[in-house]
Amino acid sequence: MCPPVDGTPANGSNGHANANGENGAPGNHPGYSAIQSSHNPHPHHKSPYQPVGDFLSNVSRFKIIESTLREGEQFANAYFDLDAKIKIAKALDEFGVDYIELTSPAASEQSRRDCEAICKLGLKAKILTHVRCHLEDAKIAVETGVDGLDVVIGTSSYLREHSHGKDMTYIKNTALEVIEFVKSKGKEIRFSSEDSFRSDLVDLLSIYSAVDKIGVNRVGIADTVGCASPRQVYDLVRTLRGVVSCDIETHFHNDTGCAIANAYCALEAGATHIDTSVLGIGERNGITPLGGLMARMLVADRDYVLSKYNLKKLKEVEELVADYVEVNVPFNNYITGFCAFTHKAGIHAKAILNNPSTYEIINPADFGLTRYVHFASRLTGWNAIKSRADQLGLNMTDAQYKDCTAKVKALADVRKITLDDTDAIIRAYHHNLHNEKEVPLLEGLTAEEKKKYIAAEQELSSEKEKRQLEETADVQAEVPANKKTKTVTVS
Ligand code: HCA
Ligand code: CU
């Protein structure tokens, strides 16, 4: 089901950042202004984005295993002390993730203490810890109070030869031993193969089938090196779905940019659980990002996503983690990137002002965010200027808006202008319509800029431009003749 982009957006802060990545209030965002849609824009209609609803698909009932506190700890910049881990775990719990995965308690003494402390928080999310497929690690893990263990061992020839050096028989026997042990302690257990996509298919299916038979809760597929394409994912998960009856967890690295698409395809093929991390942080360039997955899944099944996850918390969780790992939220981040809901081209702005769903598949209001229209560029159209003038409480005729827009464009050809500049031009233009004593459209231009502006203005006043303006102008609302021909002096 396609998310209807209906309702007017909340007029709150939306994670916009300036070029330095600092958070900026919307009002400080040069060239942009928050807009409210004028009416309920989106009648519910059948959508081309509807998921393929075959019997295998779990697109409408997936679960999230949130691994910021495990995979995320492998991010180059990450260092989480206990206080940070508690804050992040609580924020993820409020967001509504199903599981929180923690670094192995066998990794260090502090990791073990952190694991115990988080288990004692009494969160709604189940707590997992991620351990090597070793009995000794499993013994430490079951004593920490976790709900379950995610165990993993490398199965590709690369890892068998160059990492742990064990053969498939050893791997299978160890897996069975660890699983029996963890089950005997009443804990949930998942068995996963590292580097699944470069492992031998027969090896994989045979070990998954063996662990399924002894009652493992989930098997895991991991694209450890980020090499898999969505089609390969679909094929492998679908094949596995035919071999095991337990749940299927999937873990996708993003080295080749497929982490979200792969997660989605895995669900279509019958996977049940997706590993994520906040902002995608993890080893190298990370894994499926929580926010990006939410964007994808909201479009696929809005009702399910809204019923389970507190999307309005996304920005807060991301900012928390971004602060701890000392990075900026990327400008083009899913949902929370500063331009994720900003519309610029005149044609887009016009349509968005009429009905946001023309150029938006996601309603920012679902995330407590606001859409923006860029009012200050050579691409700005007269509908945007009309809307901005409206916001400023200034009324003009359509012909006057068009003329004023031409002046904004001319100034934007001279230099980069901001929203404040646009506002100043609109105000001055409006003032000049009603007062004999004209004010300059824009203060503070350099001599060079003034020269360029006058030239641009003259070009605009050329016959061709005039004709275009007049053709589109509202005949009943002519720009006063004395105003049309005037070249406005700029101070
Ligand atoms: C790694 C391990 C892992 C494990 C994934 C899983 C991977 O850091 O190499 O447990 O399913 O990517 O293979 O994160
Ligand atoms: Cu990983």
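Start with helices α1 and α2, whose crossing is right-handed in this predicted model. Select residues 82–95 for α1 and residues 109–119 for α2, and look along the place where the two axes come within 10 Å and cross at roughly 35°. To see the residues that make this contact, show the side chains of L82, K85, I86 and A89 in α1, which meet D114, A117 and I118 in α2. Coloured by residue class, the contact of α1 with α2 divides into 5 nonpolar residues, no polar ones and 2 charged ones.

Next, select ligand 1 and the 13 residues around it, of which V152, S192, A222, T224 and H251 come nearest. If you then display the secondary structure, the elements that give two or more residues to this shell are β5 (148–154), β6 (188–194) and β7. Colouring the shell around ligand 1 by class gives 2 nonpolar, 7 polar and 4 charged residues.

From β7, which spans 218–223, move to helix α8, since the buried residues of α8 pack against this strand, and also against α7 (230–241), β8 (247–252), β9 (273–276) and α9 (290–300). Select residues 259–268 to isolate α8, a mostly covered helix in which 9 of the 10 residues are buried. The buried positions to highlight are A259, I260, N262, A263, Y264, C265, A266, L267 and E268. Finally, follow the chain past the end of α8 to G270, where the backbone phi is positive, near 115°.

Conventions: Residues numbered from 1 in each chain as written. Chains lettered and ligands numbered in written order. Predicted model: local features only at pLDDT ≥ 70, side-chain atom pairs only at ≥ 80, totals over all residues. Buried ≥ 20, exposed ≤ 12 C-beta atoms within 10 Å, placed from the backbone. Helix = DSSP H or I, 4+ residues; strand = E, 2+ residues; numbered from the N terminus. Contact = placed C-beta atoms within 7 Å. Near = placed C-beta within 6 Å. Nonpolar A, V, L, I, M, F, W, Y, C, P; charged D, E, K, R; others polar. Axes fitted to C-alpha atoms, helices over the stretch in contact; angles between N-to-C directions. Left-handed = near helix turned anticlockwise from the far one by under 90°.
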